[in-house]
Amino acid sequence: MMRKAILFFCLIGSFTASKAQQNYDASLIPKELLPYAGAVVRDNEVSIEVKDLDNAVYHVKQVITVLNKNGDNDAHIVVWHDKDRVIKNIKGVIYNQFGQQTGKFSESDFEDESAWDGFSLFLDTRIKHYLPSITEYPYTIAYEYEERSKQTLNFDEWIPNPYTGVSVEKSSFTFICKPDFNIRYKETNIPVKAIIGTNAHGLKTYSWQLNNLKAIKNEPLSPYFKSYSSSVMISPEKFVYYGISGSYTNWKDLGKWINDKLVADRKQLPFETIEHIKDITRDITDPKLKAKKIYEYMQAKTHYISIQVGIGGFQPFLASDVDHQNYGDCKALVNYTQALLKAVNIDSYYCFVKSGRNHNVSLLSDFASMNQADHIILCVPFKNDTTWADCTSQTIPFGYMGDFTDNRTVLALTPDGGKLMHTPKYTTANNLESRKANFTINEAGELSGNMATTFKGVDYEDRDYLINEPKTEQYKILQRVYPINNMDIDKLDLKQDKSFDPVTTENIKLHARDYASVDGNKLYFSLNSVDRETYIPRQVRNRLNDVYITRGSTDEDEIIYTIPAGYHLEKNPLNVTLNKPFGNFRASMVLEGNHLIYKRKFQLHDGTYNKQVYPDVVDFYQEVVDADAYNVVLVKN
Amino acid sequence: MKKTLLILIIALFTFTLASAQDFPYGNITTQEMNMKSYPNDTSAHGVVLQEFGKSSINIGSDDNIKQIYEYHVKIKIFDSKAFDKGTVKVYLYRNDKNDSYEEVSDIKGVTYYKDDNGFTQKVELEDKKVYPVKENKYWASYKFALPGLRNGCVIEYKYRVESPRWYKIRTWDLQDDIPKVYSEYEVHIPGFFNFNASIKGPLKLTKATSAIETKCFETHGASCDCSLLNYGMSNIPAFITDEYMTSPKNFLSSINFELVDWTSPYDGVKHKETKEWKDIDYLLKTDPEFGGQMKRKSLFKDKVAQLIAGKTDDVAKAKAIYQYWQKWFKWNEFIGTDSENISKAYDTHSGSIADINLSLIAALSAAGLNAEAVLISTRDNGAINTLYPVIGDFNYVVAKVNIGDQSYLLDASDPLLPFGVLPFKCLNDKGRVFSLDKPSHFIDMSLPQKEKTTYMLDLTLQDDGKLKGKLTKYSFGYEAYKKRVAIKKFNSIDEYVESVNAKLPKLKILNSEIRNIDSLDMPVAEEYQVEFDAYNKLNDKVMFNPYFWNRTVTNPFKLAERSYPVDWGMPSEDRLAITVHLPAQYVVETPPQAVAISLPNGGGRYITDYQVGDNSFTFTYLTQFTKSIYGAEEYPYLKEFYNKIIQSQKQEMNIKKK
């Protein structure tokens with residue numbers, strides 16, 4: 001009897017298992033997907049169906065197994081929505097580690113909150129989110145929802161493995177549309193190409209699927225995430241966006257549409273402003289200097305506030321509005337500056353750029369689409385001298401890009417339509433921090449003297465954050481910047497030269513008691529007290545990515561220490577020379593009489609280097625750090 | 001006698017009428033426009049010229065009792081670093097339970113500036129540029145940016161908020177990160193309501209008046225007089241934060257109110273609020289969201305019986321329940337002192353601090369243990385008012401279980417906390433202990449918990465210049481908790497060890513063992529077999545810094561002086577012992593100097609010791625801070641203490657061939 005009962009339960013068990021679409025028992029996860037993973041995407045299915053030019057429907061299904069607490073965040077469901085993007089039928093199921101259902105959830109469990117991007121004052125985007133509370137690992141959640149979008153200009157990109165610490169068992173993407181809805185698509189790192197077909201309803205389908213993607217580890221000095229991860233981008237030929245229709249197949253047409261529909265007619269200025277601009281530039285003949293004057297006028301008058309309303313954050317505020325309110329976001333401020341320049345007949349371009357300091361990301365030259373950029377800058381095409389400017393800063397010099405938008409391909413809206421252009425590069429030699437110091441160390445161990453530093457290239461901005469601070473505040477900040485214990489600043493002179501080749505100069509007169517440590521007849525002190533490298537990129541086992549150095553730089557330091565008479569060196573003087581493809585380092589010291597002369601030059605060269613070079617990079621930094629930590633030991637003769 | 005009193009009241013009344021007024025909106029003086037800097041603080045990027053706030057309890061437009069708050073300010077902006085003062089967010093509390101929420105109205109704003117011809121112009125805030133946002137289920141906001149900002153401009157804005165929370169008179173912050181010329185707060189309280197007022201912070205009021213307004217409050221035939229209170233302060237300095245300080249709230253000057261009692265204007269019934277601790281005790285005991293939850297021990301009777309089955313020792317019982325609770329609950333990131341329903345929270349495995357810890361108290365009680373609640377103000381919430389009971393100061397609750405003459409404080413919201421150890425955020429000021437049957441009392445929240453690490457290195461200097469041997473690190477107390485948190489950030493021990501090694505390119509970890517990760521009451525022990533690239537080759541003479549592991553290079557205290565205490569939350573101790581075995585033909589030429597430094601009043605010490613062994617030496621040092629908090633007056637000693645440590649750690653030993 002007992003045996004029968006068990007058999008009976010077994011039958012029921014197998015029956016339900018076969019009825020369920022899938023078995024999400026955590027032990028079925030392939031072993032190779034476990035290393036470095038806090039969660040595993042078991043199954044992800046996204047489909048986008050374009051029903052009409054103003055009606056696209058997304059179906060999203062996700063099944064994710066959370067292995068430990070670190071993976072909880074990956075089970076946090078967050079979906080954004082706004083007036084043009086509505087979420088429907090969101091629901092899900094929770095399974096325990098054996099794949100047995102333990103709970104479910106629906107829309108009423110979700111919280112609806114205002115989205116915040118970290119910097120905007122106002123944003124008309126909202127999020128719905130839900131995080132199930134499960135304390136026993138592993139667990140699995142399976143959920144699905146539908147989104148209806150009223151526009152077809154932008155489609156969400158498919159990135160099957162977008163986060164570190166998550167591996168993927170299976171992920172698929174399908175794009176469905178009428179046969180006459182033409183698209184272009186861009187596959188990046190997709191080993192199996194698209195399958196194009198027709199479904200039962202006679203609609204055209206494009207599908208992609210990837211299986212068994214290992215968890216991505218964070219590797220220092222890696223190239224831009226999207227250069228090594230898999231993705232598919234889709235662009236329509238014809239589209240409707242906030243009721244405005246258009247079509248494009250290349251950057252030229254897209255640029256023209258943006259300009260005509262969203263930007264061109266927003267540049268009217270009040271008569272008085274135009275007159276004022278003419279007035280203040282009347283005595284300037286060189287157009288570049290005229291533009292500089294106008295840019296500085298704009299900087300003094302406005303400041304950056306991000307308010308994203310209306311046409312999806314793509315349309316700038318009216319120039320007249322900025323003129324009145326004195327604030328705007330990047331779009332509004334560039335548009336306004338263009339309007340001001342126009343008052344004196346200087347033409348300029350409104351440019352889309354992907355911003356960011358860590359990677360120089362270019363717009364794809366072979367694939368035009370609306371969602372590659374995140375920032376707007378200004379380009380002023382003078383004859384033989386194309387000048388670039390970011391209009392969101394109140395302090396940077398005209399023509400200065402800094403490290404936020406340098407050396408990358410951008411889309412400029414020209415009268416002939418969109419045009420890809422490249423922003424200037426700051427080279428190894430350009431990015432210079434150069435320092436000369438004259439210090440005296442007395443028998444009691446006190447350090448005193450002067451130090452002069454110049455900052456050029458992207459380093460020009462290194463002192464921006466303290467330039468307008470009161471002296472007391474500047475002293476406090478510099479005491480943290482320089483690793484000289486007990487540093488007291490007697491005099492500080494900080495200047496910025498805002499010419500087309502801007503330079504910041506810093507002159508400090510300082511003293512520091514107990515700089516050297518006195519021990520009987522010995523004197524110990526740090527040789528490099530002003531520019532000490534402390535960063536060593538961590539070692540990486542089985543590195544996958546090439547080594548990427550975003551921009552080159554040069555640091556030059558020369559310190560002359562005057563030491564008390566009658567001492568000699570106890571150990572070998574520092575003398576290190578390192579020459580690598582990605583960088584050079586030279587540090588040396590000599591004692592001449594009672595002058596100890598220390599010289600250091602540290603250069604990094606931008607570029608992408610084979611991943612095999614990485615251990616060399618680690619060793620290089622280690623040797624630099626060791627050399628910078630050199631401790632001078634002086635002994636009385 | 002009666003007559004004089006009446007006259008006095010009238011005199012006061014007229015006096016206050018004349019003085020206590022909001023400053024007129026839309027007025028600007030040439031002097032304000034011409035101001036180039038603030039003479040009392042020339043480093044200020046902006047200065048509040050005038051600020052006036054008014055809170056009154058009155059009848060709102062819907063005939064309910066409301067608190068009406070009006071705010072009005074005028075600010076001089078010297079340069080762009082104060083432009084953030086022109087971006088304003090007015091937060092409004094919504095209460096979903098009865099769908100009543102705060103309402104803002106009368107938002108007005110204007111910017112005055114000088115045009116290029118030197119004439120003063122103004123630009124007004126447009127209504128359509130005020131953005132309403134529903135932030136989440138508790139909060140909404142109105143956001144706006146004043147138009148036309150530029151260096152040297154003056155901004156002015158005002159708004160009015162009507163709140164159903166009449167019983168929470170707004171706190172007035174006298175101090176901000178820019179200085180203020182004058183700030184005044186006016187409060188109208190009808191006689192039906194009785195509040196305690198207190199001023200926090202070191203600054204002194206320059207105006208404090210009170211007067212009676214007759215018949216100022218009327219509803220449904222009931223009426224009463226009001227107290228009219230005015231608090232003013234002139235020349236308020238900007239508030240500047242220091243490193244390692246607790247909440248700035250503890251030091252910022254502000255005026256705070258707490259409801260004591262009130263009489264309903266509708267039925268004349270008197271309601272007592274907070275007056276003495278015994279009243280609060282009663283209130284909390286009978287509060288369905290506090291005492292009402294604490295006492296629900298029958299909920300967990302069966303569960304607890306299972307958990308403590310076979311255990312006779314009370315500590316073992318308490319531990320079993322605590323550990324079960326830690327694993328059972330997932331904290332939903334909300335803090336607070338009230339729980340709507342611990343049973344619901346328990347069933348869903350998800351709860352706030354109050355849900356988790358009040359249910360823990362109920363469960364401990366169900367085991368027959370003596371469990372109480374401790375109300376706490378977390379570090380970022382600031383210190384509590386000890387002049388009189390202010391229940392609103394508390395924002396966190398933990399359990400206290402008393403066993404024999406020992407008691408243990410427990411917070412089950414974090415699965416990695418050892419029994420009796422509280423998270424850092426709770427180590428603040430005083431906590432108030434509440435039980436269902438005894439009067440409440442304060443306890444000191446600077447607990448006996450400590451952070452402590454011990455390193456032991458046993459290394460052999462080899463002929464190839466490498467140091468090879470064993471590195472052991474023990475993390476005790478709170479340090480062990482932090483270590484577990486760090487280890488658990490990785491998906492496996494292997495991945496953790498990989499990351500340890502990855503950060504130290506000169507070190508090769510040959511073997512590792514980590515113990516007690518899950519035995520929360522034990523120190524975490526990390527043991528590594530290591531090889532360290534000390535020298536490229538072994539010369540006849542080498543220098544060795546015995547502090548090569550964990551050397552202090554920079555002083556955490558850079559500034560010459562300090563205004564606020566250094567608050568580390570708990571005492572700490574670091575020990576290191578390094579033994580180096582030398583090759584047979586080598587000998588130490590100059591040993592390190594012995595150092596002993598201490599802080600005044602036994603506040604801490606730093607001691608080194610050097611012992612010679614059989615062709616080896618052992619060097620040890622100890623850094624100890626015995627207090628959680630060091631007063632501003634002790635700052636120079638702390639700074640010098642570090643200076644001396646850094647000095648001594650620069651010194652190197654000589655090792656040479658015999």
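## A low-confidence start

Let's begin at the front end of chain A. Over residues 1-20 of chain A, pLDDT (the predictor's confidence in each residue, from 0 to 100) stays under 50. For that stretch the model has one contact beyond four places in sequence; two residues are in contact if their C-beta atoms, placed from the backbone, lie within 7 Å. Helix H1 (residues 2-19) of chain A has the lowest mean pLDDT among the elements of the chain, 36, while strand S36 (residues 595-604) of chain A has the highest, 98. Helices (H or I, at least four residues) and strands (E, at least two) are DSSP runs, numbered from the N terminus.

This is a predicted model, where local features need pLDDT of at least 70, side-chain atom pairs count only at pLDDT 80 or more, and totals for chains, interfaces and linings use all residues. Residues are numbered from 1 along each chain as its sequence is written, and chains are lettered from A and ligands numbered from 1 in the order in which they are written.

## Chain A as a whole

Chain A averages a pLDDT of 92, and 96% of its residues score at least 70. Its secondary structure comes to ten helices and 38 strands, and the C-alpha trace spans about 100 × 80 × 40 Å along its principal axes. Of the 637 residues in chain A, 37% count as buried, that is, with 20 or more other C-beta atoms, placed from the backbone, within 10 Å of their own (exposed means 12 or fewer, partly exposed is in between).

## Domains 1 and 2

Chain A splits into domain 1 (22-220 + 228-237), domain 2 (248-422) and domain 3 (432-636), with bounds that come from an automatic or database domain assignment. The C-alpha centres of domains 1 and 2 of chain A are 35 Å apart. Where they touch, 13 residues of domain 1 of chain A meet twelve residues of domain 2 of chain A.

On the domain 1 side, strand S7 (122-123), strand S11 (183-188) and strand S14 (231-236) of chain A each supply at least two residues. That side has six nonpolar, three polar and four charged residues. Here Ala, Val, Leu, Ile, Met, Phe, Trp, Tyr, Cys and Pro count as nonpolar, Asp, Glu, Lys and Arg as charged, and the others, Gly among them, as polar.

## A five-stranded sheet

Now for a sheet in chain A: five strands form an open, antiparallel sheet in the order S22-S21-S20-S23-S24. Two strands pair if DSSP finds at least two bridges between them. Strand S22 (385-389) and strand S24 (417-422) of chain A are the edges, each pairing on one side only. Strand S23 (residues 409-414) of chain A pairs with S24(A) over six bridges, and Val410(A) stands opposite Met421(A) in S24(A).

Two helices lie across strands of chain A. Helix H3 (residues 251-263) of chain A crosses strand S20 (349-353), S23 and S24, running at about 115° to S24(A). Helix H7 (residues 330-342) of chain A lies across S20 and strand S21 (375-382), at about 20° to S21(A). For these angles, axes are lines fitted to C-alpha atoms, for helices over the stretch in contact, and angles run from 0 to 180 degrees between N-to-C directions.

## Meeting chain B

The contact between the chains takes 50 residues from chain B and 50 residues from chain A. H10(B) gives the most to chain B's side, with four residues. Chain B's side divides into 14 nonpolar, 17 polar and 19 charged residues.
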